[in-house]
Structure formats: structure tokens, C-alpha cells
Amino acid sequence: MALDRQPWLDALPHDWRDGSFLGRIATPDGPSPIMLRGGVAHDMARVRPTVAHLIADRAFDGGTPIEAETLAGFDLLSPIDLHCVKAAGVTFAVSALERVIEERARGDHGRAASLREGLERALGGDLRGVVPGSAEADALKQRLIAEGMWSQYLEVAIGPDAEIFTKSPVLSTVGWGAPVGFRSDSTWNNPEPEVVVVAGPDGRAIGATLGNDVNLRDFEGRSALLLGKAKDNNASCSLGPLIRLFDDGFTMDDVARAEIAMTIEGTDGYRLDGASTMREISRHPEELLRQALSEHHYPDGLVLFCGTLFAPTQDRDEAGRGFTHKVGDVVTIASGRLGTLVNPVTTSRDAPVWTMGIAGLFHNLAMRGLLAA
């Protein structure tokens with residue numbers, strides 16, 4: 001399942017020499033945080049042992065310079081380590097409709113096309129212009145209830161409260177080039193290309209990266225109570241290539257208007273191209289982060305998947321059955337200021353086993369003498 005060997009430096013945005021980037025590499029001794037600033041890479045392990053520590057202390061200076069050839073020889077890991085991994089769902093009108101379709105199809109992708117047509121007729125308009133929690137949204141809700149068309153997914157799409165859930169355990173995410181997985185018993189699933197906001201313990205966003213929130217449409221469609229099984233599986237969450245830190249040249253405004261492109265290429269010759277824009281998100285990323293923080297505290301920080309506009313309906317094998325992954329697919333997610341995230345697809349059963357948890361990481365850091373301070 002390995003990708004063709006190529007330097008992952010090619011995955012960085014064209015202007016990477018003008019920005020500051022934070023991430024992790026797999027050295028022979030263990031994972032090390034790195035910083036790219038001013039076009040130069042630095043090993044930050046002796047500054048702070050983890051990405052979470054670097055962000056918490058805003059310790060972005062110093063480090064040991066790394067030659068580009070040496071850097072390209074290391075595998076790139078997910079750019080986060082101790083952060084909690086949260087996600088916001090149903091944040092775009094199109095994805096809201098697709099979640100309702102999943103619910104009404106009860107996980108049967110063969111019924112999706114006819115349900116989509118009927119639901120669009122019932123709505124009688126476009127959800128894109130509806131402000132969540134507004135009087136207009138409440139009026140639409142009451143009309144749909146009266147017509148028997150209301151859904152729990154529409155509640156979080158246009159109601160006052162966003163859907164926020166935990167996507168993945170700490171340290172379980174994978175990075176650029178690593179296989180992503182879907183459950184081997186799923187027959188209807190897809191990638192979800194998303195912008196991911198990164199925040200420190202104080203809850204303030206410090207940067208952003210790209211993510212793939214792999215989703216099982218059949219599981220979640222059968223019951224929303226299966227969300228955990230639909231979302232949290234081995235290798236089902238990828239992030240990368242690196243975290244772009246906010247500065248004068250890259251701010252939350254750039255995140256809010258980011259354009260995202262995605263390509264899926266299969267070994268069967270299948271190709272799917274999709275695009276989305278954060279301009280169509282129903283809630284601003286700052287509002288999503290506020291709702292994710294709620295009354296919680298995240299002493300090691302958190303990352304927040306902001307949701308996806310992408311809901312593939314292009315048929316793959318036969319008319320009306322829509323899209324689902326096959327083993328061997330390669331998913332490429334790209335955004336101009338954040339770079340490119342590439343992952344081959346396998347099943348969660350066959351993806352590399354996740355072995356380094358929190359205890360294992362701190363044992364490794366202790367053996368390397370990185371916890372003395």
C-alpha cells in the first residue's frame with residue numbers, strides 16, 4: 001500500500017518558505033517535532049519534546065537545523081501528538097442533505113438517488129442561505145416538522161447547537177503517505193476532506209492543517225448512535241502535511257475562505273475529482289471552536305475538523321449506487337496555503353497497527369533524555 005517514493009517536501013504549499021510550519025518526523029530514535037521557518041527546517045525535540053508542548057509555550061524559536069536531504073529521508077508523521085481530536089459535523093448545506101439521506105436510506109446506498117430528489121423537493125429551496133439558530137431557520141424547522149421531514153441532522157445543521165464529537169484517540173492519527181482505513185465490513189464509505197483548526201490549552205487557534213475524516217455512510221445511516229463505529233477506527237483519521245502557524249501572512253481569514261480540492265484515484269481506473277470552499281460553511285471556524293471548547297478544558301490543546309462540503313454522489317460501479325472506497329484508492333486533498341495530504345486506502349483491519357500510545361511516547365522521550373526539563 002506504500003505510495004511511490006517521493007520527497008514529502010513536495011507536499012508543502014508553494015509559499016512554504018514565507019511561512020512557519022510545525023510537524024513531526026519519524027527519526028531512528030523516535031518521533032521528533034520539527035519547525036520550518038524562513039525556508040529552514042529545525043529539529044525541536046531539545047526545545048520541547050512534543051508538538052503540544054511547543055504550542056502551549058509558543059516555543060517556536062531555536063532548534064537544530066536539519067539539511068533538506070536528511071529531512072526528506074525521514075517519514076512524515078501526523079503533525080499533532082497530545083492534542084485531543086474533535087470534529088464538527090454537518091457544517092455545510094450539501095453535507096446536511098447527505099446525512100439526512102443516509103438516515104432515511106438506513107445505510108442502503110441503493111436508495112440514495114431517489115431520496116435525494118424527494119428531499120430537495122420537500123425543502124423547496126437552498127439551505128446555503130439559512131443562518132443556523134436564526135428566526136428563518138426556526139420557521140423552516142417548524143414547516144419541515146409539520147411535513148414529517150425533520151431530522152436530527154437538520155437540527156445540528158440549522159439549529160443553534162453545532163454537532164461536535166470526538167473523532168479519534170490521542171496519538172492515533174496518521175500523516176502524509178500513511179494508509180488510511182475504513183472498516184472491512186463497510187460497504188458504503190468515503191473520505192471527508194476538511195480544514196482542521198489547531199488550538200493550544202488556552203483555546204486560542206494557532207494555525208491550521210488538512211485532514212481526512214474517513215466516514216462510514218452505511219453505519220451512521222443505520223443509526224446516529226453508531227457514530228463512534230462510523231468515525232473512530234484504526235487509521236481512520238489523517239492529518240497533514242504540517243500545521244501552518246498563523247502570522248501576518250496567514251490568518252483565520254485565510255482559513256475561512258480556503259479552497260479545497262480532492263482527487264480519488266483507484267487501481268480500477270476510477271477517478272473522482274471534487275472541490276469545496278470554506279466560504280460555504282454555515283458556521284465560522286471561530287464559532288465552531290467556541291462550541292467545541294464549551295465548558296471543557298484541554299490542557300494539551302485540541303484540533304477541530306471543521307466539516308466537509310464534499311459528499312460524493314458520482315456512481316462508481318453501477319447507476320444509482322453512488323461512491324464507495326475500494327482498497328488501493330489514493331486520496332489527495334490539497335489547499336493552496338496548507339499544502340497537500342496524500343493517503344492510500346486500505347481497511348482498518350489491514351492498516352498498520354497503532355502501537356505507540358501515551359505511555360509508549362513518554363517512555364521513548366524519557367529514554368532519549370528529553371523529559372529532564
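**Entry 1: the whole chain**

I began by counting the secondary structure, and I noted 11 helices and 18 strands in the chain. I should keep in mind that this is a predicted model. Next I looked up the overall dimensions, and I found that the C-alpha atoms fill a box of roughly 65 × 45 × 35 Å along the principal axes. A compact globule of 373 residues would have a radius of gyration near 21 Å, and since the chain has 20 Å, I wrote down that the two agree.

I then asked what share of the residues is buried. The value is 57% of the 373 residues in the chain. For the surface I noted an exposed area of about 15,600 Å², of which carbon and sulfur atoms supply 50%. Turning to contacts with a separation of 6 or more, I found that residues 24 or more positions apart account for 72% of them.

**Entry 2: helix α10**

I picked helix α10, which covers residues 285-293, and listed its buried residues as P285, L288, L289, Q291, A292 and L293. Which elements do the buried residues of α10 pack against? I found strands β6 (84-89), β7 (163-168), β10 (193-199), β11 (205-213) and β16 (302-305), together with helix α9 (252-256). Just after α10 I came to S294, and I noted that this residue takes a positive phi of about 45°.

**Entry 3: the cysteines**

I searched for disulfides and found 0 in the structure. C84 is in no disulfide, and the nearest cysteine sulfur, which belongs to C237, is 13 Å away. C84 is partly exposed, as its relative accessible area is 28%. For C306 the closest cysteine sulfur is again in C237, at 13 Å, and I concluded that this is too far for a bond, because a disulfide needs the two sulfur atoms within 2.5 Å. C306 counts as buried, with 0% relative accessibility.

As C237 had come up in both searches, I looked up its surroundings as well. C237 lies in strand β13, which spans residues 237-245, and is buried with a relative accessible area of 1%. Leaving out residues up to four places away in sequence, C237 touches V85, K167, S168, T173, V174, N212 and F305. I also noted that C237 and S168 are 69 residues apart in sequence, while their C-alpha atoms are 7.0 Å apart in space.

**Entry 4: aromatic rings and charges**

I counted 2 aromatic pairs in the structure. In one of them, the rings of F246 and F250 have centres 5.6 Å apart and planes at 35°, so I recorded the pair as tilted. Is each of these two residues buried or partly exposed? F246 is partly exposed at a relative accessible area of 23%, whereas F250 counts as buried at 2%.

I then looked for charges over rings, and F250 appeared again: the charged end of R244 sits over its ring, 5.1 Å from the centre. I noted a further case at F219, where the charged end of R222 sits over the ring at 4.9 Å from the centre.

**Entry 5: S335**

My last look was at S335, whose place is in strand β17, residues 330-335. S335 counts as buried, because its relative accessibility of 7% is under 20%. Setting aside neighbours within four places in sequence, I listed its contacts as L210, A258, E259 and I260.

Terms used:
Residues are numbered from 1 along each chain as its sequence is written. This is a predicted model: local features need pLDDT of at least 70, side-chain atom pairs count only at pLDDT 80 or more; totals for chains, interfaces and linings use all residues. Side-chain values use heavy atoms; hydrogens and water are left out. Rings of Phe, Tyr and Trp (its six-membered ring) pair if their centres lie within 6.5 Å; planes under 30 degrees apart count as stacked, over 60 as edge-to-face and the rest as tilted. Buried means under 20% relative accessible area, exposed over 50%, partly exposed in between (1.4 Å probe, protein chains only). A charge sits over a ring if NZ of Lys or CZ of Arg is within 6 Å of the ring centre and within 35 degrees of the ring normal. Helices (H or I, at least four residues) and strands (E, at least two) are DSSP runs, numbered from the N terminus. Contact means heavy atoms within 4.5 Å. The radius of gyration is taken over C-alpha atoms; the globule rule is 2.2 Å times the number of residues to the power 0.38. Accessible areas come from the Shrake-Rupley method with a 1.4 Å probe; for residues, only the protein chains shown count as cover.
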